[in-house]
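Grab a pencil and open the model. Below are some exercises to try, each with a worked solution.

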Amino acid sequence: MAIRPADTFAEIPEVATRTSRWWAATRDFARRRPLGAIGAVIVLVNIVVGLGANVFAAYDPLATDYGAMLARPSMAHWLGTDAFGRDVLSRIIFGSRTAMIVGFACAFFGATVGAVIGVASAYFGGKVDLLIQRVMDIFLSFPLIILALAVVSILGTGITNVILAITVPMIPRASLVARSSALSIREMPYVDAARAAGFRHRRIILRHMLPNVMAPYLIMLTAFLGQAILLEASLSFLGLGVAEPTPAWGLMLRGAAVQFAEQAPWMAIFPGLAISLAVFAFNLFGDSLRDALDPKLRTQ
Amino acid sequence: MIRYIIKRVVLMIPTLLSVAVLVFFLMRVVPGDIVELRFAGESAFAQKEQLDIERARLGLDQPIWTQFLTWMGGILRFDFGTSMWTGATILEEIRLRFALSLQLAIMATAIAVLLAIPLGVLAAVKQDTWVDYVVRIFSIAGLATPSFWLGIMFILLLLIVFHWLPPMVYTPFWQNPIQNLAQLIWPALAVGYRYSAVATRMTRSALLEVLREDYIRTARSKGLWQQLILSRHALKNALLPVLTVIALEFAFLMGALVVTEQVFNLNGLGLLFVESVAHRDYTLTQALVLLVAFVFIFVNFMVDLAYAWIDPRIRFR
């Protein structure tokens with residue numbers, strides 16, 4: 001086997017510049033958009049806490065302790081306990097895992113399926129486009145939560161069904177945005193070239209057009225993340241989302257939290273703060289990402 | 001203009017029809033029907049004949065197309081039927097609750113607009129100063145805070161600080177306005193804050209865009225004062241997207257109410273909707289979904305008409 005030092009040498013600086021370019025871009029983002037960087041840090045902390053919930057939580061989130069029901073925040077229970085004596089902080093930490101799973105799954109599937117439909121709609125145009133858009137319009141005239149309610153009542157509660165219930169109403173919204181940016185891409189010469197080369201529709205849509213709606217796609221993805229977490233919390237609060245005893249932030253605010261609000265306000269305060277902080281961070285990051293990726297889009 | 005209005009009203013029909021078809025068949029796909037649910041509570045082993053009698057009474061034994069056409073025929077005569085669960089007429093079930101939810105929605109919108117436009121203008125005029133940052137953080141926080149949690153916090157605050165709870169029994173506005181407002185202002189604030197956040201961001205960005213226009217520079221160079229430029233030249237042109245966003249969010253408002261009404265124990269449309277879906281009360285759910293879709297379409301229609309009033313360049317065809 002011949003050793004070819006020239007190749008190995010060529011390889012190393014290539015990798016190095018790429019990582020350093022990423023690093024430089026990250027640093028640049030942090031310097032120019034401090035609010036976005038703060039958001040990104042909180043998001044990262046959330047993900048890490050969610051992934052390592054077993055390590056960070058001091059208690060089993062399901063373990064009941066009837067000796068310590070509705071205990072005030074103390075050294076043993078930093079954020080107090082709930083009506084079953086379960087540690088609120090541990091439940092919030094494990095709830096972060098639920099929120100991240102639901103958030104990322106919904107945002108990813110919602111934005112991706114929506115983008116594919118939107119791009120395909122723009123690519124085919126004509127009657128297909130008209131038909132798809134009318135169907136999407138019908139879905140859009142339902143409020144998000146009402147559509148989600150319908151899906152949950154068809155399929156029942158549980159985490160996968162909640163993900164589906166939140167994803168379905170996101171698809172038409174994503175398709176609308178993707179379609180509007182794909183309309184101009186369709187007129188680009190390279191799409192004509194691909195068509196002239198005899199590529200199949202699927203290949204043109206997936207390989208040639210989809211990568212070019214990446215900026216609106218990423219923007220939608222981050223916007224959906226926060227919305228999905230909020231929706232999951234609302235559905236769980238209504239008793240239509242994640243089922244007990246799974247730790248979820250919205251679920252923690254249900255029932256006893258309101259009932260014992262005066263004696264044990266910590267039960268109502270902290271899970272809500274967790275929701276707000278997580279969504280706040282995703283929104284901050286998403287806003288800055290939007291400004292960075294697409295200066296033409298206005299900061300709302 | 002008249003022709004445009006007629007055209008828009010006619011165009012509402014296919015949309016509403018497809019919403020009706022969708023909800024009708026969606027409800028039939030949902031496993032479990034109202035008869036099973038009702039008898040499941042009473043005895044574990046209800047007679048099959050008994051279930052069939054009840055189904056026949058509700059007209060559920062007929063072919064699905066007959067059911068659909070009967071329902072559609074009723075709607076044409078403004079007869080939405082009776083609730084399958086309570087037996088009361090749909091119009092009666094909805095009337096009082098609609099008044100409550102509508103009042104709440106209007107109050108929340110008013111709060112949102114009263115907060116959003118001054119804050120948005122302030123942020124745009126003082127762009128990139130601390131004022132701008134404070135307003136932006138306030139509005140991003142509004143988007144992030146679940147309105148139902150904010151509602152719980154309001155109740156908690158009132159309880160702990162003032163030892164006072166808002167009245168839990170609904171009084172119509174014309175009977176006792178003070179009692180009515182004392183109850184509804186809290187949920188309206190909770191929902192309105194989120195609502196205002198969206199509108200504030202839109203006001204700020206739209207105004208920033210307008211302030212860069214040539215005619216604003218012209219107005220400045222004429223020596224007009226800032227206030228007049230803002231109120232007469234800039235704001236009026238910036239209001240268009242703000243209005244759009246407010247109308248779009250009106251639909252979300254109905255959704256937010258579903259959850260917030262629960263917190264304040266308000267017997268509004270939101271609660272009715274959740275219950276009717278849980279009971280598989282087909283007739284009531286269908287009527288409610290149609291109502292929500294109609295409100296959404298109607299609000300968008302009104303906004304389109306308002307465009308012409310705000311921006312005379314827009315012509316309707």
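**Exercise 1.** Find which residues Ile166(A) touches, not counting residues up to four places away in sequence.

*Solution.* Step one: settle what touching is. Two residues are in contact if their C-beta atoms, placed from the backbone, lie within 7 Å. Step two: apply that to this predicted model. Ile166(A) touches Val102(A), Cys106(A), Ala148(A), Ala228(A), Leu231(A) and Glu232(A). Step three: see where Ile166(A) belongs. The largest nonpolar core has 160 residues, and Ile166(A) is listed with Val119(A), Ala148(A) and Ile229(A) as having the most contacts inside it. A nonpolar core here is a set of buried Ala, Val, Leu, Ile, Met, Phe, Trp, Tyr and Cys residues joined through C-beta atoms within 7 Å. A residue is buried if 20 or more other C-beta atoms lie within 10 Å of its own, exposed if 12 or fewer, and partly exposed in between. As background, nonpolar side chains tend to be buried together in soluble globular proteins.

Before you go on, some ground rules: residues are numbered from 1 along each chain as its sequence is written, and chains are lettered from A and ligands numbered from 1 in the order in which they are written. Since the model is predicted, local features need pLDDT of at least 70 and side-chain atom pairs count only at pLDDT 80 or more, while totals for chains, interfaces and linings use all residues.

**Exercise 2.** Describe how α4(A) and α7(A) pass each other.

*Solution.* Step one: locate the helices, which are DSSP runs (H or I, at least four residues) numbered from the N terminus. α4 covers residues 88–124 of chain A and α7 covers residues 159–186. Step two: get the geometry. Their axes come within 5 Å and cross at roughly 35°. Those axes are lines fitted to C-alpha atoms over the stretch in contact, with angles from 0 to 180 degrees between N-to-C directions. Step three: add the hand. The crossing is right-handed, meaning that the near helix is turned clockwise from the far one by less than a right angle. Step four: sort the residues. This contact has 23 nonpolar, six polar and three charged residues. Ala, Val, Leu, Ile, Met, Phe, Trp, Tyr, Cys and Pro count as nonpolar, Asp, Glu, Lys and Arg as charged, and the others, Gly among them, as polar.

**Exercise 3.** Work out what chain A brings to its contact with chain B.

*Solution.* Step one: count both sides. The contact takes 32 residues from chain A and 37 from chain B. Step two: find the helices. On the chain A side, α6 (144–155), α10 (214–237) and α13 (266–293) each supply at least two residues. The largest share, eight residues, comes from α13(A). Step three: check the classes. That side has 21 nonpolar, nine polar and two charged residues.

**Exercise 4.** Lay the overall figures for the two chains side by side.

*Solution.* Step one: count helices. Chain A has 13 helices and zero strands; chain B has 12 helices and zero strands. Step two: look at burial. Buried residues make up 46% of the 300 residues in chain A and 36% of the 317 in chain B. Step three: take the boxes along the principal axes. The C-alpha atoms of chain A fill roughly 75 × 60 × 45 Å, and those of chain B roughly 85 × 60 × 35 Å.

**Exercise 5.** Is α9(B) largely in the open or buried?

*Solution.* Step one: take its eight residues, 214–221. Step two: count the buried ones. The number is zero, so α9(B) lies largely in the open. Step three: read on. Just after α9(B), Gly223(B) takes a positive phi of about 90°.

**Exercise 6.** Place Met69(A) and find its contacts.

*Solution.* Step one: Met69(A) sits in the loop between α3 (53–56) and α4 of chain A. Step two: Met69(A) counts as partly exposed because it has 16 C-beta neighbours inside 10 Å. Step three: leaving aside neighbours within four places in sequence, Met69(A) is in contact with Thr81(A), Ala83(A), Phe84(A) and Gly85(A). Step four: Ala264(A) is 195 residues away along the chain, yet the C-alpha atoms of Met69(A) and Ala264(A) are separated by 9.9 Å.
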